[in-house]
Amino acid sequence: MLTTDIKQLQQEFDMAEIDKRFVYKNINGYIVSIFAEDDRGVLVIDAYVHEEDQDEILEKIDDKIWEINRENGSKLTDYRYDNGEFEFSFVVEKGLYYYMGGFIQEITSYFKEAKLPGITHCCYCHKPLAKGDRVLIEYNASIKNVHFECEEKIREESKGKFQDRNIPRNTDKKGRVGVITAVVAAGLVWSLIYSFNLPFRLTSLVGLGIGYACKKLYDLRGGSPGLYKIRTVCLGNLCSILFGTCLGTVTKYSRAASLGQSEKLKFFGYLAKVPGEISQNYLTLLIGFVLSLAICYDMFLSKGSVEAFADPVPLFRHHRTY
């Protein structure tokens, strides 16, 4: 996915974008792909280390990588090399683009000085590429440069397989953010309806919208499934109604005071009226809460599973021949 930091890197290096999932660019003769996952920023660089004296060369590269990391704020947490691909993992925090940008410039310059094959060589067979026999492909959320014949081999090997990185993960934190958003929005609607002293049947029907909003925003934000989802959504429904009741009570008494129909109280004086309002209108609130749970019946039946909104991305995709 593309975070704010990745978009800033995209602008800084004038990088191309693939389906709002990752960005790439030829930098110093090496194809660089960047994306973000929930717990890390990922940098992929295509650079091949010859098998002759590979251990010795990789040891020198390792020393250089950690030296560059220290010079650029020590945001690199780990990296790995696998048959022509370096994958670097960075800690996700504010200002990551600044550190990652400096790292990219220095590490690609070092690879160039070390004469590691890059964009001029095939990422599959590692042999030189000729004009007219160069194909740009996407492989596991990164861009690769390969021969036409190698592309056909990769296509066959990748049939039925899907990318296993740059995949949004469902988390408790994402679900909480969605429910809190729903609590505020739905609570405001409840308060508006409640403050006009409408019949309790009409007011309690708003509970249907509250339940739907909490459940839907939990899923849309990418909350994790299971018991946590059920507990969080139910609590969110309850908080929406209580929050809306507090706002509605304050609005109701403020309006009455402005018309001279009630004593003029300060904000906390109005707020002190809330328990009495809840006691007096407990039936409305109870029905509203029950209805808010009724709209979530499918969540209980499926034990809180999250709807699948997108198909998995194929491991391999062709982009262009040049």
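Trainee: What does Arg155 count as, given its relative accessibility?
Mentor: In this predicted model, Arg155 has a relative accessibility of 32%. Buried means under 20% and exposed means over 50%. The value for Arg155 lies in between, so the residue counts as partly exposed.

Trainee: Which residue forms a salt bridge with Arg155 at 3.5 Å between the closest N and O atoms?
Mentor: Arg155 lies in helix H4, residues 148-157. The partner is four residues away in that helix, so the two are separated by about one helical turn. At 1% relative accessibility the partner counts as buried. The residue 3.5 Å from Arg155 is Glu151.

Trainee: What is the N to O distance in the salt bridge of Arg155 and Glu152?
Mentor: Arg155 and Glu152 are three residues apart in helix H4, so about one helical turn separates them. Glu152 is partly exposed, with a relative accessible area of 33%. A salt bridge needs the nitrogen within 4 Å of the carboxyl oxygen. The side chains of Arg155 and Glu152 satisfy this at 3.8 Å.

Trainee: Which residues are joined by salt bridges that share partners into one network?
Mentor: The model has 22 salt bridges in total. Those that share partners join one set of residues into a network. Its members are Glu37, Arg40, Asp46, Arg80, Asp82, Glu85, Glu87, Lys144 and Arg165.

Trainee: Buried or exposed: how does Glu37, by its relative accessibility, count?
Mentor: Glu37 meets Arg40 in a salt bridge at 2.8 Å, N to O. Arg40 has a relative accessible area of 15%, under the 20% cut-off, so Arg40 is buried. Glu37 has a relative accessibility of 12% and therefore counts as buried.

Trainee: Which residue in E2 is the bridge partner of Ile18?
Mentor: Strand E1, residues 16-18, runs antiparallel to strand E2, residues 22-27, and three bridges join them. Three residues lie between the strands of this hairpin, where Asp19 takes a positive phi near 50°. The partner of Ile18 in E2 is Phe22.

Trainee: Which residue in the turn between E2 and E3 has a positive phi?
Mentor: Five bridges join E2 to strand E3, residues 30-36, and the two run antiparallel. Within this pair, Val23 stands opposite Ile34 in E3. The hairpin has two residues between its strands, and the one with a positive phi, about 55°, is Asn28.

Trainee: Where is the place of Asp53?
Mentor: Asp53 belongs to a negative surface patch, together with Glu51, Glu52, Asp55, Glu59 and Asp63. With a relative accessible area of 54%, above the 50% cut-off, Asp53 is exposed. Its place is in the loop between strand E4 (41-46) and helix H2 (54-71).

Trainee: Which helix gives the largest share of the nonpolar patch?
Mentor: The patch consists of Leu192, Phe196, Leu198, Leu202, Leu205 and Leu208, with about 540 Å² of accessible area together. Leu192 is found in helix H5, residues 172-194. The largest share, three residues, comes from residues 200-221, helix H6.

Trainee: What is the relative accessible area of Leu192?
Mentor: Leu192 is one of the residues of the nonpolar surface patch. A residue is exposed when its value is over 50%. Leu192 is exposed, with a relative accessible area of 52%.

Notes: Residues numbered from 1 in each chain as written. Predicted model: local features only at pLDDT ≥ 70, side-chain atom pairs only at ≥ 80, totals over all residues. Heavy atoms only, no water. Patch = residues over 30% accessible without salt bridge, like charges linked within 9 Å, V, L, I, M, F, W, Y side chains within 5 Å. Areas by Shrake-Rupley, 256 points an atom, 1.4 Å probe, with all protein chains shown as cover. Lys, Arg positive; Asp, Glu negative; His and termini not counted. Charge placed at Lys NZ, Arg CZ, Asp CG, Glu CD. Buried < 20%, exposed > 50% of the residue type's maximum accessible area, 1.4 Å probe, protein only. Pairing = 2+ DSSP bridges.
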